[in-house]
Amino acid sequence: MRVITSLEALEGLLPLSPREREAFRAVVPVYPFSTTEYYARLAAESFAVRRMLLPSLEELNPELQNLGEPDPLREERDRKAPCLTHRYPDRVLVVTTNYCPVLCRFCMRKRNWRRPLFTISEDEVDAVLSYVRRNPQVRDVLISGGEPLLLPLELLERLLLGLKKIESVEVVRIGTRLPVVEPSAVLRSELLSLLERAQKVWVNTHFNHPDELTAEAAEAVKALLKCGVPVNNQTVLLKGVNDSVSVLERLFRGLQRIKVRPYYLFHCDPVEGVMHFSTPISLGLKLLEELQTRLSPLALPYYAVDGPGGYGKVPMLPVRFEKLGSVYRFRSFSGRYFTMPDR
Ligand SMILES: *Cc1c(COP(=O)(O)O)cnc(C)c1O
């Protein structure tokens, strides 16, 4: 895997306009740049990918960015063990590293970019396992980052096989963008065999645009499915990238075609440095309302906000029914109404 962080190396693959070059020089000392060669090549062909990948002067616009904060979701406040956030009774979040080969400009953990690189240690893995063992109400463990699928395999193995042995844990979800930004790295046989042996693993991928659904990405997903790993997708609603019915429809249909279930469409979190990607909530609801009449629920994600202040996620589906006296009134996909009595 070849990772590119400098302007010179990038321009070998993806020539920049003078404006983009100026933005790169101004922004990167504050918010660094990184991409895989694969994803840079994709950006050369796709305007949407380019917007997700290249630094923009908007990242430094104080009027806009002061509307956000570094950690609106209070992941640090709800930390119960090193690297572990416990908010919902039955689920915990483990942030295993801040390393990512591609730094997405809309990253919700952009605050972590400024820190030195960290990777969870063996002792911290053991502390996570011991916390989960002591809290048997936890049945679902989310492993996030950074990019967890690029952890040293011995460390990932210690964590996954440790969780496999804890009977109260039923689900282990890995949040990863590797199938999107470096699909060939998913195909490492040692990694795939570990995911299969770990048994409880689900993968949550992060495709945001149909241009990311390449043949290579489809192959990576297929390899995961073959190992018995269900694959779901979390998309972020991003201004200028995917904030239209036609793009989202192509994305969700494309995901379903490769057997990836669209799980969440997240409203963009109010993160400092990311505010220029934010759309109104009313737009997200409108898009979903239209999509709901076109797509099977199997291809339709929940639109969700994650409450700033650490309130947690609230999933939304546009409401197409109401109670009228003793009957319920429903609106069908074609816009016609019907009622049913509540008995
Ligand atoms: C998102 C999140 C979860 C998982 O939530 P789901 O709605 O089940 O996907 C768990 N813990 C924290 C802290 C989270 O942010």
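This passage describes the largest pocket of a predicted model, the ligand in that pocket, and two backbone features. Because the model is predicted, local features are taken only at pLDDT of at least 70 and side-chain atom pairs only at pLDDT 80 or more, whereas totals for chains, interfaces and linings use all residues. Residues are numbered from 1 along each chain as its sequence is written, and side-chain values use heavy atoms, with hydrogens and water left out.

The largest pocket (an open set of points on a 1 Å grid over the protein atoms alone, where a 1.4 Å probe fits, with protein on both sides within 12 Å along at least five of seven lines) holds about 1,200 Å³ of space, the volume being that filled by probe spheres set on the points. Its lining, made of residues with an atom within 4 Å of a point, comprises 49 residues, and those nearest the pocket centre are M108, R109, S144, Q234 and F266. Two or more lining residues come from each of β5 (91–95), β6 (140–144), β7 (171–175), β8 (201–205), β9 (231–236), β10 (261–266) and β12 (312–316), where strands are DSSP runs of E with at least two residues. By class, the lining contains 25 nonpolar, 14 polar and ten charged residues.

The ligand sits in this pocket, in the sense that more than half of its atoms lie within 2 Å of the grid points. Its shell, defined by a heavy atom within 4 Å, consists of T85, R87, Y88, R91, L93, L142, R173, Y263, Y264 and K313, and at least two shell residues are supplied by each of β5 and β10. Five residues of the shell are nonpolar, one is polar and four are charged, with Tyr counted as nonpolar. Polar side-chain atoms approach ligand oxygen atoms at 2.7 Å for R91, at 2.7 Å for Y263 and at 2.5 Å for Y264. Of the 380 Å² of accessible area that the ligand has on its own, the protein covers 92%, as computed by the Shrake-Rupley method with a 1.4 Å probe.

Two backbone features remain. Most residues other than glycine have a negative phi, and most peptide bonds are trans. The bond joining G145 and G146 is cis, with omega about 10°, and G146 is placed in the loop between β6 and α7 (153–165). R74, in the loop between α5 (62–65) and β3 (79–81), has a positive phi near 55°; helices here are DSSP runs of H or I with at least four residues.

Conventions
Polar contact = N/O pair within 3.5 Å; in protein donor to acceptor, adjacent residues only side chain to side chain.
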